[in-house]
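Trainee: Could we go through this structure together? I would like to learn how the labels people use are justified.

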Amino acid sequence: MRLDPYRHVLALPGVRSLMVLALLARIPITAIGVTMTLHVAQDLDRGWAAAGLVGAALTVGTAIGGPLNGRFVDRKGLRPMLVVTTVCEALFWAVAPSLSYPALLVGALVAGVFSLPVFSVVRQSLAALVPAEQRRQAYALDSMSVELSFMAGPPLAVLLMSSLSGRFTMWSIGGCLVLAGVALFVTNPPVHAAPDPAEPAEAAAPVRRRDWLTPRFLAVCAAGAATTMVLAGTDLGIVAMLREAGKVQLVGGVLAAWGVYSLIGGFVYGALTRAVPLVALIGGLSLFTLPIGLVGDRWWLLFIALLPAGALCAPTLSASADLVSRLVPSPARGEAMGWHGSSLTVGLAVGSPLAGWAIDHGSPGWGFAAVGTVGVLITAVLLFLRRSSTPLDPTTSPAPASTAFTTDVAAAAPSAATVPAATASAAVPAATVPAAADAAASAASVSATDASAADVDVVAATAAFAPATAAPRR
């Protein structure tokens, strides 16, 4: 395993401190889901459906706010946006424990729009700090950081909720988010790459949205949405399968194992010398999700069945985000990252209901089959676009990153099919061209590693709020 690429990335000015700050700042964000769900279902005594509705409101808000906050950063800079979102976070979390349910529902929508976009800011800053040829390793490190945050946040939230109170837990989340906003304001990480003196003068001209909001960009966002849809459905399927088997106490352990697989996948992914197309990653993730339901009542096989798909979680998400950083010029990257984040949020919002519908009309195994099938169909559409004469063909656009998404898709299918044959099944990156071999990675790992789910309430809380708890919501 090559560790030198990681060392070289961490040696770059500003990267190490950004990684540490990102790890700590994301922990309270990952704790929001289970905290809000338990607060609504238990403290307000409104039930899990009502908690899920608050989650949906927060999801819609963040999907709207992502591009707006990103455009704000592109036009006014990072610090003005941080002032607005940090103040809004402070106000919301200060009053949230005292709000009635209707007021909390409206407040969650508004809070989502003005939420502190830690995930997208970190991704955008990495694109500014790290040269293109080293971004795959940088985003792999970031995806591992996200996994660690998800392993810490929900258990801490449950511990505080059970040992102290929901009010104290919500105030703690708000306080930590304010500290995160202040820390980002003070450190002020760069979000736009320094202009290259060797670039022609026209490169500094204003970037129009139609210059980067292309079919190729939309295809990358569609792949990202398909990824989180599969992950959200898998999360719900795991909970349903173990509850049906009477092993609900093992949900935390299984989800933790799923997160570890993604963590390992991200590590191996960044250390590889070659990459595979994004289409192969989403196709492999979907295909390996389809048969998980065949485990049936042999719940212990879940630890094995989740390995191939789990190992592709972080690499697939990282690949789509890295492609966005390459397809979009630096001056417009904030808004583009916001659109990408919104597409991930939409995938989360679709995946849980889709899997839930399949489970209600069949069995837990059908939840995996439903999201896996839709993922395969989306992959087929992306492959068709690759082979057609649409702008997805790299020959129709000079964008340097386009090849990372579209090159050598003919090799993508076998790559996806053979992922488990190698230890690198945990690491299937996003390009096969030598010129784009370093193009992939991101921060938005949504592996839902709520290792804290030790009882039915916590499990139900995690499932009810799934669309709004994962990293991509930011």
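Mentor: Happily; we will take the aromatic rings, then the core, then a helix and a pocket, bearing in mind that this is a predicted model.

Trainee: How many aromatic pairs does a search of the whole structure find?

Mentor: It finds four. One of them joins Phe92 and Trp93.

Trainee: What makes the pair of Phe92 and Trp93 edge-to-face?

Mentor: The ring centres of Phe92 and Trp93 are 5.1 Å apart, and centres within 6.5 Å make a pair. The planes stand at 80 degrees; over 60 counts as edge-to-face, so that is the label.

Trainee: And why are the rings of Trp299 and Trp300 called edge-to-face?

Mentor: Try the same steps. Their centres lie 5.9 Å apart with planes at 85 degrees. The limits are within 6.5 Å for a pair and over 60 degrees for edge-to-face, so the name fits here too.

Trainee: Why is Phe92 called buried?

Mentor: Buried means under 20% relative accessible area. Phe92 has 10% and Trp93 has 3%, so both count as buried.

Trainee: What are Trp299 and Trp300 called, and why?

Mentor: Trp299 has a relative accessible area of 21%, and Trp300 has 48%. Exposed needs over 50%, and buried needs under 20%, so Trp299 is partly exposed and Trp300 is partly exposed.

Trainee: Which residues have the most contacts inside the largest nonpolar core?

Mentor: They are Met36, Trp93, Leu126, Ile238, Leu306 and Val328, in a core of 108 residues. Helix α11 gives the most to this core, with 13 residues. Apart from it lies another core of five residues, among them Leu236 and Val371.

Trainee: Which residues does Trp93 touch, leaving out those up to four places away in sequence?

Mentor: Trp93 touches Ile32, Met36, Met170, Trp171, Ile173, Gly174 and Leu177.

Trainee: Leu306 was on that core list. Where does Leu306 sit, and what do the buried residues around it pack against?

Mentor: Leu306 is one of the buried residues of α14, which spans residues 302-311. The buried residues of α14 pack against α11, α12, α13 and α15.

Trainee: How do you know what kinds of residue line the second largest pocket?

Mentor: Sort the 16 lining residues by type: 13 are nonpolar, three are polar and none is charged. Ile173, which Trp93 touches, is among those nearest the pocket's centre. Helix α9 gives the most to the lining, with six residues, and the pocket's volume is about 230 Å³.

How values were computed: Residues are numbered from 1 along each chain as its sequence is written. This is a predicted model: local features need pLDDT of at least 70, side-chain atom pairs count only at pLDDT 80 or more; totals for chains, interfaces and linings use all residues. Side-chain values use heavy atoms; hydrogens and water are left out. On a 1 Å grid over the protein atoms alone, a cavity is a set of points where a 1.4 Å probe fits but cannot get out, and a pocket is an open set with protein on both sides within 12 Å along at least five of seven lines; lining residues have an atom within 4 Å of a point. Grid points are joined across faces, edges and corners, and a volume is the space filled by probe spheres set on the points. Helices (H or I, at least four residues) and strands (E, at least two) are DSSP runs, numbered from the N terminus. Ala, Val, Leu, Ile, Met, Phe, Trp, Tyr, Cys and Pro count as nonpolar, Asp, Glu, Lys and Arg as charged, and the others, Gly among them, as polar. Buried means under 20% relative accessible area, exposed over 50%, partly exposed in between (1.4 Å probe, protein chains only). Contact means heavy atoms within 4.5 Å. A nonpolar core is a set of buried Ala, Val, Leu, Ile, Met, Phe, Trp, Tyr and Cys residues joined through side-chain atoms within 4.5 Å. Rings of Phe, Tyr and Trp (its six-membered ring) pair if their centres lie within 6.5 Å; planes under 30 degrees apart count as stacked, over 60 as edge-to-face and the rest as tilted.
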